[in-house]
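Got a structure in front of you and wondering what the labels on it rest on? Let's go through them one by one.

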Protein chains: 2
Amino acid sequence: MHISTKCSVAIHCLIFIYEYGEKKKVTSELLSLSTGSNSVTIRNILSSLKKDGIISVKFGTGGATLNCPLEEITIHRICKAIEPDFVSKLFGIHSLPSPLCPIGKNIHNVLNRSYQKIQNDLCDSLKSITLKDLISDYHYFRIGDYKYY
Amino acid sequence: MHISTKCSVAIHCLIFIYEYGEKKKVTSELLSLSTGSNSVTIRNILSSLKKDGIISVKFGTGGATLNCPLEEITIHRICKAIEPDFVSKLFGIHSLPSPLCPIGKNIHNVLNRSYQKIQNDLCDSLKSITLKDLISDYHYFRIGDYKYY
DNA sequence: TAATGGTGTAAATTTAAAAATTACAGGAGG
DNA sequence: CCTCCTGTAATTTTTAAATTTACACCATTA
């Protein structure tokens with residue numbers, strides 16, 4: 001599996017909530033329209049983000065708001081909230097090497113050592129980008145947008 | 001999609017070819033037994049590695065050998081040989097955001113900028129590990145193996 | 001207090017991607 | 001010329017992701 005589209009949808013939702021959360025009631029239906037994903041998928045994503053403390057969702061009446069400073073919300077945190085062991089799932093390892101072959105017997109250890117390092121590097125990279133950066137990029141692109149249309 | 005198990009199978013094969021390529025005739029059938037993957041899958045992997053110049057495969061008579069110094073074979077090169085655009089496929093982006101929403105209209109640009117950085121970091125990390133490292137890890141584990149059984 | 005418009009979640013279905021299987025043409029070497 | 005191998009296309013199976021359907025439950029308000 002890859003870093004799922006759920007993660008990109010989550011980022012989309014978070015930018016939306018930051019931009020409109022105070023003014024409008026941001027419901028799963030609204031986010032479903034904006035992202036093009038199913039509203040149940042959205043609710044599942046919001047539910048994960050809520051459990052992690054990134055957002056609050058009003059039960060009953062509805063509406064999501066940010067619950068946390070933008071600099072504390074890294075891409076790593078978002079991915080992890082949605083899929084706790086996404087990092088290890090990112091690197092597939094063939095499951096049935098022959099235990100009779102010296103290489104087959106040891107390949108998992110060998111791969112784990114290197115993959116572990118790569119995974120750590122990736123986590124560092126994912127931690128280096130925050131929602132603050134993403135929103136400032138969004139503002140940059142949106143201005144360009146106004147300029148040309 | 002993830003960094004496919006094809007990549008781990010490829011690494012398995014390369015270690016196998018390094019260890020036995022000179023002594024035995026390393027066929028796709030033999031690698032299929034050692035890795036536990038189908039021999040057609042193996043042949044496809046070997047074919048990709050061959051095109052990249054990493055190995056040679058004797059046509060007709062069969063048998064694979066390394067064709068390149070160990071230090072020049074990085075994990076990045078292996079993955080890329082097998083799936084040229086594996087990096088971009090690693091990060092899923094939802095495909096149908098609403099063009100009527102200012103966020104929907106710009107989200108792809110926003111995500112691409114950050115994902116690009118993450119992808120570059122990942123490539124650097126994948127380039128930092130070579131087959132030489134993997135084989136030296138293999139020798140390390142194999143010795144431990146002898147010690148305890 | 002009942003209608004409305006939300007959330008939360010489980011279960012079933014659909015869709016799409018990866019891997020295995022089947023099949024077969026063709027080369028090298030004994 | 002027979003055997004063992006490669007190369008590759010086409011099909012089928014398997015597995016994972018995403019959507020859909022369904023429904024219980026909550027808050028607000030008319």
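Q: Why is the pairing of A:Asp137 with B:Arg113 called a salt bridge?
A: A salt bridge is a side-chain nitrogen of Lys or Arg within 4 Å of a carboxyl oxygen of Asp or Glu. Here the closest N and O atoms are 2.9 Å apart, so the pair fits the definition. Between chain B and chain A the count is two salt bridges.

A quick note on the source: this is a predicted model, where local features need pLDDT of at least 70 and side-chain atom pairs count only at pLDDT 80 or more, while totals for chains, interfaces and linings use all residues. Residues are numbered from 1 along each chain as its sequence is written, chains are lettered from A and ligands numbered from 1 in the order in which they are written, and side-chain values use heavy atoms, with hydrogens and water left out.

Q: What makes B:Thr5 a polar contact of DNA strand C?
A: A polar contact is a pair of N or O atoms within 3.5 Å (within protein, one must be able to donate a hydrogen and the other to accept it, and residues adjacent in sequence count only if both atoms are side-chain atoms). An N or O atom in the B:Thr5 side chain is 2.4 Å from a phosphate oxygen of the strand, so the contact qualifies. A:Ser28 does it too, at 2.6 Å from a phosphate oxygen. B:Gly60 uses a backbone N or O atom instead, 2.7 Å from a base nitrogen.
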